[in-house]
Amino acid sequence: MIQKLLSLMRRAINDFDMIHSGDKIAVGVSGGKDSLALLQLLCAYQKFSEHAFELCAVTVDMGFADSDFSPVERFCEELGVNYRREKTDIAEIIFDVRKEKNPCSLCAKMRRGALNSVINEMSYNKLALGHHKNDVVDTFMLSLMFEGRLSTFQPVSYMSRSDVTLIRPLVYVSEREIAGLAKTLPVCKNPCPADKRSQREEMKKLLKDVAVKYPDVSVRIANAVMHPDRYNLWGMNKKQ
């Protein structure tokens, strides 16, 4: 299983020129299956990559009372990766002060800001996030249904305000493939009260319902986004 995922991740890294020698890469680790899988795969990739690069793991602790990241810390120790947990009051701001009805967008921005601040402080130049192929499709559908745009996130994007390059090495890996690996990972419970009740979850359910009649619908949307000779939102980013 891990060899297949490594192969897919390596192809994405090469296709989009994600990693260079001398890079210092911080992996955003939430404690969920995707970010833990990314950390493990990047540690394995680091051993045979032609590029010498550094890795660390950073968790943004949103401040939920029942958060427990000790399994993540132990996992990082086993991998030999430096781990930092950044405590914040994001949960209090979003749920107690602002009482956001749709908190996910603001939460993502605040967590990204906290990550970028830590990365700048540590003098790391890249942030790796665990978004996978299904996230590409879900984001495309969110943009289409709620914004009326044909758009999704990029595999590589430079954030000029923080001078950090964001990379997503798992964009060729499906959620099902990650779930197989996740059985061996110390996945933490998500304490967020909005978990499983977001617009993104609505898109996941919509696609799941459509897939009953059209089983390959997610694959076809992913191909439309990524395939170089079709309607392709990523084509200009690929190495020629």
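Does S35 count as buried or exposed in this predicted model, and at what relative accessibility? The close-up views below start with that residue.

**View 1. S35 in helix α2 and its surroundings.** S35 counts as buried, at 4% relative accessibility, because the limit for that class is under 20%. The side chain of S35 has a polar atom 3.1 Å from the backbone nitrogen of S30. A polar atom of the S35 side chain also lies 3.4 Å from the backbone oxygen of G32. When neighbours within four places in sequence are left aside, the contacts of S35 are V27, G28, V29 and S30. S30 therefore appears both in the contact list of S35 and as the residue whose backbone nitrogen is 3.1 Å from a polar atom of the S35 side chain.

**View 2. The salt bridge between E175 and K33.** The side chains of these two residues meet at 3.0 Å, taken from N to O. E175 belongs to helix α7 (residues 175-182) and K33 to helix α2 (residues 33-48), so the pair ties together parts of the chain that are 142 residues apart in sequence. Both partners are partly exposed: E175 has a relative accessibility of 25%, and K33 has one of 24%. Over the whole structure, a search finds 12 salt bridges.

**View 3. Salt bridges of E100 and E147.** E100 pairs with R98, and their closest N and O atoms are 2.8 Å apart. E100 counts as partly exposed, at 24% relative accessibility. E147 meets R149 in another salt bridge, with 2.6 Å from N to O. R149 is partly exposed, with a relative accessibility of 44%. Elsewhere, salt bridges with shared partners join K33, D34, D138, E175 and K204 into one network.

**View 4. S143 in helix α6.** Helix α6 covers residues 133-147. S143 has a relative accessible area of 5% and is buried, because buried means under 20%. The side chain of S143 reaches the backbone oxygen of R149 at 3.0 Å. With neighbours within four places in sequence left aside, S143 is in contact with G148, R149, L150 and S151. R149 is also the salt-bridge partner of E147.

**View 5. Packing of α6 against helix α8.** Helix α8 is made up of residues 199-213. The axes of the two helices are 9 Å apart, and the packing angle is about 105 degrees. This angle makes α6 roughly perpendicular to α8, because angles of 65 to 115 degrees fall in that class. On the α6 side, the contact is made by D135, V137, D138, T139, M141, L142, M145 and F146. On the α8 side, it is made by Q199, R200, E202, M203, K204, L206 and L207. D138 and K204, which take part in this contact, are also members of the salt-bridge network.

**View 6. Helix α5 and the residue after it.** Helix α5 runs over residues 104-122 and has 19 residues. The helix reaches 27 Å from its first C-alpha to its last, close to the 27 Å expected at 1.5 Å a residue. Its buried residues are C107, A114, L115, N116, V118, I119 and M122. S123 follows α5 and has a positive phi, near 65 degrees.

Terms used
Residues numbered from 1 in each chain as written. Predicted model: local features only at pLDDT ≥ 70, side-chain atom pairs only at ≥ 80, totals over all residues. Heavy atoms only, no water. Helix = DSSP H or I, 4+ residues; strand = E, 2+ residues; numbered from the N terminus. Buried < 20%, exposed > 50% of the residue type's maximum accessible area, 1.4 Å probe, protein only. Polar contact = N/O pair within 3.5 Å; in protein donor to acceptor, adjacent residues only side chain to side chain. Contact = heavy atoms within 4.5 Å. Salt bridge = Lys/Arg side-chain N within 4 Å of Asp/Glu carboxyl O. Expected span 1.5 Å × (residues − 1). Axes fitted to C-alpha atoms, helices over the stretch in contact; angles between N-to-C directions. Parallel < 35°, antiparallel > 145°, perpendicular 65-115°, else oblique.
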